[in-house]
Amino acid sequence: MINKYVAIHAHFYQPPRENAWLEAVEHQGSAYPFHDWNERITTECYAPNAAARLLDSDGLIEDIINNYSLISFNFGPTLLSWMEEKEPDVYEAIIEADRLSQQAFSGHGSALAQVYNHIIMPLANRRDKQTQISWGIRDFEKRFGRFPEGMWLAETAVDLETLELLVENGIKFTILAPNQAHIINKIGSDGWADVSPARVDPRRPYLCRLPSGKEIILFFYDGIIAREVAFNNLLSDGIQFGERMLSTLDYDSESPQLAHIATDGETYGHHHHHGDMALAYCLRHIRNSGKADLTIYGEYLEKFEPEYEVEIFENSSWSCAHGIERWRSDCGCKAGGRPGWNQSWRAPLRNAMNWLRDNLSEVYETYASELLEKPWKAREDYIDIILKRGESNTKGFFDKHAIRELDDDEIIIALKLLEMQRHALLMFTSCAWFFDEISGIETVQVLQYAARALQLTRQATGLDFETGYARILTLAPSNIDIMEHGGKVYDTYIKVAQVDLKRVAAHYAAISLINPESDMEPVYCYKVSDDYKKHLATGKHALCYGKTRIASLITLEESFVHYLALHFGEHNIVIGVKDLPADDDTSLIENDIEKAFSTGDIPLVLMLIEKHYRDSRYSLRHLFRDDKRRILNELVEARLNEIDFVYRQQYEYNLPLIQVMKETNIPLPGVLSTTIDFVCNTDLRNALSEKKIDMDLMERAIEQAKIMEAELDKVTLGFIGQNRITELITEMNKNIGDISLLKAIDRFLSGILQLDLNLNLWKAQNIFYNINSRLLPEIQSIEGNGGDLNKEWLYLFKAIGSKLQMGVRE
């Protein structure tokens with residue numbers, strides 16, 4: 001009987017990136033060509049691990065496996081929340097992997113829970129620790145349909161109070177780094193041995209006895225192999241990876257042993273390209289080796305109880321050599337920022353957040369006690385509303401927790417207090433302190449959450465702590481001279497981002513103005529209900545006005561507003577918004593402005609907007625990022641058409657000269673090279689973006705680019721191209737017997753592959769693989785076929801598969 005086992009744990013996590021007022025991830029330019037970092041890392045890592053490739057001897061894909069079903073893993077709850085909405089196929093593959101793993105691992109699931117939004121637990125107070133654990137468990141149960149056996153701690157940061165709370169909440173085990181083990185003892189003996197630094201044997205589980213008398217089981221992963229996977233080159237060869245895991249097992253010993261590692265899950269595809277494939281090969285090699293069985297922690301504990309006990313180093317973690325100082329001081333740990341930078345901003349930022357948390361906790365307890373029987377128990381149960389917002393769920397929550405029947409205004413106040421506490425938890429997300437600069441996107445994100453908590457406090461209670469909070473932030477120095485300190489970061493990035501119902505109305509008015517036919521319901525997490533709306537246009541000018549009710553889907557607060565928006569050319573947009581009773585008559589304002597607009601008197605329209613909306617005027621700058629970007633791109637596109645005309649004129653006029661210089665190997669002047677690059681990239685982009693692809697046009701554009709040796713924008717063209725390939729293979733899946741379609745796809749692939757764009761064919765390959773698995777055994781029954789047609793179809797199908805790097809199973 002084999003009693004040697006291998007387990008690989010992957011910690012998949014991204015910090016919550018949602019705008020604190022919109023509950024949506026906005027465009028992040030640094031993630032180009034993707035919309036945001038969640039989308040990019042999903043494409044590079046989370047999706048590929050749900051369908052990892054195994055190749056045949058010819059380098060073609062012969063099998064696809066779901067890595068998640070064979071490893072131990074955890075996903076951050078806030079990441080899964082985003083994925084459920086934005087990448088549902090990947091999300092479902094992860095959930096399905098846990099179900100499949102239960103069949104493979106004696107009823108135990110691969111998935112572990114995680115503390116909710118990845119806070120450093122030893123730096124949190126007991127109440128916040130409890131909520132992080134409770135919310136992590138409830139989120140896990142909602143998604144995976146079972147109670148978690150284990151829970152991942154952010155950065156494996158641990159103290160005894162955290163372990164006590166894990167046990168109190170029903171968690172059996174957690175995973176720590178080897179440097180976190182202090183002393184060990186064989187159970188039943190009295191021979192405690194010091195195993196620091198990082199000398200603990202990782203091949204066995206350990207019992208940790210807690211001060212309360214409770215017990216929890218700890219696994220300490222193999223730190224040496226984990227570093228080789230994360231930072232060295234072990235993922236360059238999956239078989240070598242598998243052998244390295246097996247090499248730590250002592251086959252001369254009859255004792256059960258577990259070789260296991262834990263790393264960031266993003267290692268497998270995002271940090272290391274094709275790391276997902278290396279993991280798949282590793283798993284297959286171990287399964288086929290006969291030297292060990294794959295397992296997960298829950299199954300291993302069912303088979304083998306701990307024979308040793310351990311005491312840990314409190315306030316320790318896996319990513320800071322100084323314990324947990326990385327998240328509260330300038331300890332020297334950093335992510336590789338510029339020389340001369342320091343992190344002396346960390347302590348003041350931590351102090352500011354702690355100060356705010358303590359003040360908001362006191363406010364919450366005082367005000368929520370007037371509405372809720374047990375405010376802190378209500379906060380713990382608030383996760384049920386977060387996971388499923390809606391009228392019935394909200395009613396059930398208040399039926400359970402309200403001190404009495406609350407009226408609508410009291411429910412809004414209670415929800416604002418609960419949301420204030422949610423944001424007071426989100427503002428401690430660990431990534432804010434992990435990196436090198438206080439004005440980085442991770443830190444700006446938690447400053448947003450703090451600002452939203454402050455705003456909700458003002459709205460619910462009238463109390464304002466912003467001045468005191470900002471004062472502490474001024475003590476946090478920035479490494480960038482222009483930023484100065486955290487207070488200026490807050491003023492620069494946070495204050496301008498704040499949203500209220502009027503700003504939502506202004507955004508709605510602007511979009512209604514620019515795109516009158518657009519469907520804007522809802523506007524992010526706000527419901528819009530028009531009373532009426534009117535749109536006028538003359539020449540390049542447009543006017544839109546109306547009355548609407550704006551309501552938050554989160555706090556249920558609402559406001560009835562009148563809005564007016566004017567577009568007077570280019571990017572010039574002005575919007576006015578004012579609160580008013582539902583029955584207020586605004587016809588005089590509208591008549592005056594409409595009369596001025598109809599006569600083309602734009603200066604008078606602007607004066608009237610100034611007069612009637614003096615305190616609530618907005619411009620294009622106030623629009624939310626994604627729509628603002630879209631509108632500006634539309635304006636840029638119009639300009640690009642003009643620029644294209646100029647470049648194309650120069651290209652055609654100078655084409656004979658360019659050809660002669662190329663034939664005689666004379667280098668082109670920079671301005672002509674730029675002209676060639678612009679025209680060739682534009683033609684290719686246009687050809688690939690056509691709703692119905694014109695193959696002749698595309699092939700001419702490809703040939704032109706090759707002859708002119710144009711420097712291609714491979715990132716943009718590759719992104720467009722891979723999406724078109726996915727669309728075509730999807731269409732093939734729907735019309736599988738259409739020979740003409742297969743010919744067109746084969747021709748398209750033959751053309752685009754000439755450009756060497758490094759295409760990501762993952763989605764197209766998955767669809768092709770599913771078609772192959774489903775259809776080839778029944779190829780003789782394709783509708784309308786004949787012997788020759790079948791042969792032609794199969795020939796084209798194989799040709800397409802080959803171009804997609806897919807083997808065809810017959």
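A pocket is taken here as an open set of grid points with protein on both sides within 12 Å along at least five of seven lines, and its lining residues have an atom within 4 Å of a point. The model analysed is a predicted one. Its largest pocket has a volume of about 1400 Å³. Of the 45 residues that line this pocket, Glu-155, Asp-264, Trp-318, Ser-319 and Phe-434 are the closest to its centre. Two or more lining residues come from each of helix H1 (37–50), helix H6 (223–231), strand E12 (257–264), helix H15 (431–434) and helix H16. Helix H6 gives the most to the lining of the largest pocket, namely 5 residues. By class, the lining of the pocket comprises 21 nonpolar, 16 polar and 8 charged residues.

Enclosed space was examined as well. The count of cavities of 30 Å³ or more comes to 3, and the largest cavity has a volume of about 60 Å³. The lining of the largest cavity consists of Phe-75, Pro-77, Leu-80, Leu-112, Ala-113, Gln-114, Gly-136, Asp-139, Phe-140, Arg-143 and Phe-144. Helix H2 (77–86), strand E5 (111–114) and helix H4 (126–144) are the elements that give two or more residues to this lining. Helix H4 gives the most, with 5 residues. The lining of the largest cavity divides into 7 nonpolar, 2 polar and 2 charged residues.

Helix H4 also holds Trp-135. Trp-135 counts as buried because its relative accessibility, 0%, is under the 20% cut-off. Leaving out residues up to four places away in sequence, Trp-135 touches Tyr-116, Arg-379, Glu-380, Tyr-382, Ile-383, Ile-386, Arg-422 and Leu-425. One of these partners, Arg-379, is 244 residues from Trp-135 in sequence, yet the C-alpha to C-alpha separation of the pair is 9.8 Å.

A second residue with a relative accessible area of 0%, and thus buried, is Thr-295. Thr-295 lies in the loop between strand E13 (293–294) and helix H9 (297–303). The side chain of Thr-295 makes a polar contact of 2.6 Å with the side chain of Glu-299. Beyond its neighbours within four places in sequence, Thr-295 is in contact with Tyr-5, Val-6, Ala-7, Phe-105, Leu-258 and Tyr-300. Among these, Leu-258 falls within the range of strand E12 (257–264), one of the elements that contribute to the lining of the largest pocket.

The cysteines were considered next. The structure holds 0 disulfides. Cys-431 is in no disulfide, as the nearest cysteine sulfur, that of Cys-320, is 15 Å away, whereas a disulfide requires the sulfur atoms to be within 2.5 Å. Cys-431 has a relative accessible area of 10% and is therefore buried. Cys-208 likewise counts as buried, because its relative accessibility is 2%.

Helix H17 (residues 466–473) is mostly covered, with 6 of its 8 residues buried. The buried residues of helix H17 are Glu-466, Gly-468, Tyr-469, Ala-470, Ile-472 and Leu-473. These buried residues pack against helix H10 (346–368), helix H16 (441–461) and helix H18 (486–494). Helix H16 is thus a packing partner of helix H17 and also one of the elements that give two or more residues to the lining of the largest pocket.

Definitions and conventions: Residues are numbered from 1 along each chain as its sequence is written. This is a predicted model: local features need pLDDT of at least 70, side-chain atom pairs count only at pLDDT 80 or more; totals for chains, interfaces and linings use all residues. Side-chain values use heavy atoms; hydrogens and water are left out. On a 1 Å grid over the protein atoms alone, a cavity is a set of points where a 1.4 Å probe fits but cannot get out, and a pocket is an open set with protein on both sides within 12 Å along at least five of seven lines; lining residues have an atom within 4 Å of a point. Grid points are joined across faces, edges and corners, and a volume is the space filled by probe spheres set on the points. Helices (H or I, at least four residues) and strands (E, at least two) are DSSP runs, numbered from the N terminus. Ala, Val, Leu, Ile, Met, Phe, Trp, Tyr, Cys and Pro count as nonpolar, Asp, Glu, Lys and Arg as charged, and the others, Gly among them, as polar. Buried means under 20% relative accessible area, exposed over 50%, partly exposed in between (1.4 Å probe, protein chains only). A polar contact is a pair of N or O atoms within 3.5 Å; within protein, one must be able to donate a hydrogen and the other to accept it, and residues adjacent in sequence count only if both atoms are side-chain atoms. Contact means heavy atoms within 4.5 Å.
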